[in-house]
Amino acid sequence: FFFLMLRRPPRSTQGVSSAASDVYKRQVHGIQLESRKKMTKGTTSQGERRKKNATFCRRCGKISYHKQRKRCSSCGYPEAHLRRYNWAKKATRRRTTGTGRMRYLKDIPRKLKNGFKEFSQAKRVKQRGKGKSKPEVKESKQVLTYINI
């Protein structure tokens, strides 16, 4: 069947009416149209998408580090400053200060209140009773008494 599609039909059948002429018209420079890729980005081309240009970024963790360009499209790694644009307000809000662990900044208000003292032991503060604790049972002669602490 395949060899029939590639061969050129006889000269006598190149008219409009014959089936052999349709086969001849479907051929483009010896290659049939069906084997060529279709010029579409829709459902037919989704099966062709199996190569990956991007991989995990070391800094932001997204799959946006381009392997050939060696640059993350999300955070801009390996550049020193984080990639940020004023036209992307919501993206800036997602990754601004206060959205992560804040390993250093979360201690600053407490240190500020204490005057940034270093190498000193903090005083123990007794917690006030938020609720009644369990009563302690004391045994005396024949009578049990309950004392709340």
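This is a short walk through one protein structure, from its overall fold to a few single residues.

Hi everyone, and thanks for coming. Before we start, please keep in mind that what you see is a predicted model.

Let's begin with the overall layout. The protein has 149 residues, and 11% of them count as buried. Its secondary structure is made up of four helices and seven strands. If you follow the chain from its start, you meet two helices, then five strands, then two helices again, and finally two strands: α-α-β-β-β-β-β-α-α-β-β. How many of the contacts join residues at least 24 apart in sequence? Taking the contacts between residues at least 6 apart, the share is 5%. As for the outside, the accessible surface is about 15,100 Å², and carbon and sulfur atoms account for 54% of that area.

Now to the pockets. The largest pocket has a volume of about 360 Å³. Which residues line the largest pocket? Going along the chain, they are Tyr 104, Arg 110, Lys 111, Asn 114, Phe 116, Lys 117, Glu 118, Ser 120, Gln 121, Ala 122 and Lys 123. By type, that lining splits into five charged residues, three polar ones and three nonpolar ones. Some of you will want to find it on screen: Arg 110 and Lys 111, both in the lining, are numbered within the span of helix α4, which runs 108-113.

Next, the cysteines. A disulfide is a covalent bond between the sulfur atoms of two cysteines. This structure holds zero disulfides. Cys 60, for instance, is in none, and the nearest cysteine sulfur to it, in Cys 57, is 3.7 Å away. Why is Cys 72 not bonded to Cys 57? Their sulfurs are 3.6 Å apart, which is too far for a bond, because a disulfide needs the two sulfur atoms within 2.5 Å. Are these cysteines buried or exposed? Cys 72 is buried, with 0% relative accessibility, whereas Cys 60, at 31%, counts as partly exposed.

Let's turn to the backbone, where a few spots caught my eye. Most residues other than glycine have a negative phi, and most peptide bonds are trans. With that in mind, look at Tyr 77 and Pro 78: a cis peptide bond joins them, with omega about 15 degrees. Pro 78 sits in the loop that connects β5 (71-72) to α3 (89-94).

Two residues have a positive phi without being glycine. One is Lys 70, whose phi is near 60 degrees. Lys 70 belongs to the loop between β4 (63-66) and β5, and it counts as exposed at 51% relative accessibility. The other is Met 102, with phi about 55 degrees. Where is Met 102? You will find Met 102 in the loop between α3 and α4. Met 102 is partly exposed, at 31% relative accessibility.

One last stop, back in the loop between β5 and α3, where Arg 84 is placed. Arg 84 counts as exposed, with a relative accessibility of 56%. Along the chain, Arg 84 and Arg 95 are 11 residues apart, and their C-alpha atoms are separated by 9.6 Å.

So, to recap the places to visit on screen: the lining of the largest pocket, including Tyr 104 and Lys 123; the buried Cys 72; and the cis peptide bond between Tyr 77 and Pro 78. Thanks for listening!

Notes:
Residues are numbered from 1 along each chain as its sequence is written. This is a predicted model: local features need pLDDT of at least 70, side-chain atom pairs count only at pLDDT 80 or more; totals for chains, interfaces and linings use all residues. Side-chain values use heavy atoms; hydrogens and water are left out. Buried means under 20% relative accessible area, exposed over 50%, partly exposed in between (1.4 Å probe, protein chains only). Contact means heavy atoms within 4.5 Å. Accessible areas come from the Shrake-Rupley method with a 1.4 Å probe; for residues, only the protein chains shown count as cover. On a 1 Å grid over the protein atoms alone, a cavity is a set of points where a 1.4 Å probe fits but cannot get out, and a pocket is an open set with protein on both sides within 12 Å along at least five of seven lines; lining residues have an atom within 4 Å of a point. Grid points are joined across faces, edges and corners, and a volume is the space filled by probe spheres set on the points. Ala, Val, Leu, Ile, Met, Phe, Trp, Tyr, Cys and Pro count as nonpolar, Asp, Glu, Lys and Arg as charged, and the others, Gly among them, as polar.
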